Amino acid sequence: MYRRMRRIRRFEERAGELYRATEVPGFLHLSIGQEASAVGACWPLRDSDAITSTHRGHGHCLAKGLDAVSMFAELMGRESGTCHGRGGSMHIADPGRGVYGANGIVGAGLPIAGGVATAFQLTGRDGVVVAFFGDGAVAQGAFHEAVNLASVWGLPVVFLCENNHYAEFSRAEDQHRATLADRAGGYGIGYEYVDGNDVGAVATLMRTVADEVRAGSGPVLVEADTYRWHGHYEGDPERYRDAAELARWRSRDPLEVARSALAAAGVEPEFLDAVDRAVEDEIVAAVDAARAAPEPAPSTLSDHVTAPRPTVLETPVAVAPSGPGAAGERYRVMDAVRDALDQELALDPAVFVAGIDVGAGGNVFGLTRGLAETYPGRVRDTPISETAIMGVAVGAAMAGMRPVVEIMYMDFIGACFDQLLNQAAKLRFMTGGRASMSLVVRTQFGAGRSSGSQHSQSLEALLAHVPGLSVVMPSTPADTYGLLRAAIRDPNPVVFVENRLLYGFRGAKPPPDHLVPLGRAVVRRPGTDVTVVSWSRMVHEALAAAEAVAGEGINAEVIDLRTIAPLDWATVVASLERTNRLVIAHEAVQDFGVGAELAARAVSDGFWHLDAPVMRVAPPPTPAPYAPSLERVWLPGRQAIADALHAIVRI
């Protein structure tokens, strides 16, 4: 334990020196003074156990077994770094060694820890997850959601708070009115306090706690009382604390506390001095090796953003009557969603489904009814906690599962956007490809039924703008089935967006093995005069408009994108070469949307094919109104598309 603490101390001190010498770019947050809590907490853990960490995570990573050479290389932005120079100081990770990521977002590792623990629980592994966090993270909603979900599900997580008494520049007593002991009682979980500067005390407590959690006792909250010697970040002027306070804590240096305990046990000082020298030699060699490592080549800029997609062959599906009142076999979009989930749950034990009321309630629209009984434990109800739900998906995916989580309404993506924007979308890249991220977020939207401004939004442009996320928006039952199955099998995070007004839409029933490749559009109606590009429900409005103008001699080609990101521009531009005119119709507001991206590409890449300006048919930039009279004006349909077709062929 002493050796590990000395290694952390010297690593951090050298990192500070390298930062001041400009050899470490970016931000640097050091954990000097907190070595005992890191080492003691990780001491009883197995290699197969896991940790999640914080922006101040070097000590946790070293204590869990990562090597100093690759960590220094990561801090220096070198290709041989732990994350190939893509993560830096705040984002060191190695899931293969049980390190599921230090994290630059305060509290973000806590829901992810719940996901890793869920993977352990579902696969029958007796693993334990230690989720490190600071006292400042207690104010985050992610803390509440993660601890509550872990309690409800009985997850094997130890939530370990390194209470260093400061949240950035603010004293802990100015940030909270309830103690951690009080909070633990509120969540119905155990609580333990320990002197975080006494590595022996931390290790002894954690051995007992880890054994109990491993045996199935449920989550525990541990508070390790400690102190950081340096500021919040290197360069912090530290005007918020006085020298006397720092001196008091320095007098309880974790390394000196350990040396005293070892001396009392009969260990000679010379032996510990030899340990110090050996660690010093190790750190010197590690810095030299990191300095000699090459930087990532510019040609690798796009590496690790997404994982290579497997080849998927689309099965042809016989054309069948479509629409809410179509005759023939009753196969609806809602049937396709359930059948796709059922098929993948049956075929792959790594797949599980989680979300608000998806289990006993069968989903608010009845889409998952019966699945919880068929797959016990693998179709899970969650609290109303979107951040925890998304964190479970991220952590479980990193641990090798294929989670399918539901965010009830697309509008609620905002409640968990960090876990999508900064975790799911970026962790594969920031870990240099170490983090697997095969997960699906199912959600739905749909204007036109007075659902109002907070339940009608079409936010695909917001999601498609985030590198690393795939966004799928099907329009037919067959595509819903085939695309959802392909999304679950995909190695990348996919947001699968259904339109609730299509749930009753009927169409051809595909065969059970039907798959549709992500990133490939389809021509729904061939034509020669103008190309109409759309997706989701608006495809059917576009088809209706095309049929309406056909009698007037206008032959419109209708393309269904199906996948928004990655965008199948090749199919669009090939159509544009034939028709020389482009109309884009979508349900999202017009400004800054996917239609704008398509228009920009048409002008940039397809300029010489254009015989007329690109036209967009979309709602104006106002929130979706509630009153039917206003919503009818706001939401365009087949008549507005037909008007655009008339206008563009006259140019």
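This report walks through some helices, single residues and backbone details of the structure above. The model is predicted, so it is best read with that in mind.

## Two helices that pack on α11

Let us begin with helix α11, which covers residues 269–292. Helix α4, made of residues 68–75, packs against α11, and the axes of these two helices come within 8 Å. They cross at roughly 45°. An angle from 35 to 65 degrees counts as oblique, and therefore α4 and α11 are oblique to each other. The crossing of α4 over α11 is right-handed.

Which residues make this contact? On the α4 side they are A68, V69, F72 and A73, and on the α11 side they are I283, A286, V287, A289 and A290. Sorted by type, the residues of this contact are nine nonpolar, no polar and no charged.

Helix α1, residues 2–20, packs on α11 as well, at an angle of about 40° and with the axes 9 Å apart. Here too the angle leads to the word oblique, and therefore α1 and α11 are described as oblique to each other. α1 passes α11 in a right-handed crossing.

The contact of α1 with α11 draws on Y2, R3, R6, R7, R10, F11, R14 and L18 in α1. Their partners in α11 are L272, V275, D276, A278, V279, E280, E282, I283, V287 and R291. This contact has nine nonpolar, no polar and nine charged residues. It is worth looking for I283 and V287 on screen: they are listed in the contact with α4, and they are listed in the contact with α1.

The table sets the two packings side by side.

| Helix pair | Axis distance | Crossing angle |
|---|---|---|
| α4 and α11 | within 8 Å | roughly 45° |
| α1 and α11 | 9 Å | about 40° |

## A closer look at R6

R6 lies in helix α1. Is R6 buried or exposed? Its relative accessible area is 15%. Buried means under 20%, so R6 counts as buried. Leaving aside neighbours within four places in sequence, R6 is in contact with L255, R259, D276 and V279. Of these, D276 and V279 also appear among the α11 residues that meet α1.

## Two residues of helix α20

Helix α20 covers residues 569–579, and L576 is found there. R578 is found in α20 as well. These two residues make a good pair to study.

L576 has a relative accessibility of 0%, and so it counts as buried. Setting aside neighbours within four places in sequence, L576 is in contact with T531, R581, L582, A602, G606, H609 and L610. L576 and V530 are 46 residues apart in sequence, while their C-alpha atoms are 7.7 Å apart in space.

R578 has a relative accessible area of 45%, so it is partly exposed. With neighbours within four places again left out, R578 is in contact with T528 and E557. R578 and E557 are 21 residues apart along the chain, and 9.5 Å separates their C-alpha atoms.

## Checking the length of two helices

How many residues does helix α19 have? It has 13, running from 538 to 550. At 1.5 Å a residue these should span 18 Å, and the end C-alpha atoms are 18 Å apart, so the two values agree. The buried residues of α19 are M538, V539, H540, E541, A542, A545, A546 and V549. They pack against the strands β14 (522–525), β15 (530–534), β16 (556–560) and β18 (582–585), and against helix α23 (638–650).

Helix α14, residues 386–398, has 13 residues too. From its first C-alpha to its last it reaches 18 Å, close to the 18 Å expected. α14 is mostly covered, with 13 of its 13 residues buried. Just after α14 comes G400, which takes a positive phi of about 100°.

## Backbone details in the loops

Most residues other than glycine have a negative phi, and most peptide bonds are trans. With that background, a few places in the loops deserve a look.

H304 is not a glycine, yet its phi is positive, at about 75°. H304 sits in the loop between α11 and α12 (333–347). S450 is not a glycine either, and its phi is positive at about 55°. The loop that holds S450 runs between β11 (440–445) and α17 (460–464).

Finally, a cis peptide bond joins A565 and P566, with omega about 0°. P566 lies in the loop between β17 (563–565) and α20.

How values were computed:
Residues numbered from 1 in each chain as written. Predicted model: local features only at pLDDT ≥ 70, side-chain atom pairs only at ≥ 80, totals over all residues. Heavy atoms only, no water. Axes fitted to C-alpha atoms, helices over the stretch in contact; angles between N-to-C directions. Helix = DSSP H or I, 4+ residues; strand = E, 2+ residues; numbered from the N terminus. Parallel < 35°, antiparallel > 145°, perpendicular 65-115°, else oblique. Left-handed = near helix turned anticlockwise from the far one by under 90°. Contact = heavy atoms within 4.5 Å. Nonpolar A, V, L, I, M, F, W, Y, C, P; charged D, E, K, R; others polar. Expected span 1.5 Å × (residues − 1). Buried < 20%, exposed > 50% of the residue type's maximum accessible area, 1.4 Å probe, protein only.
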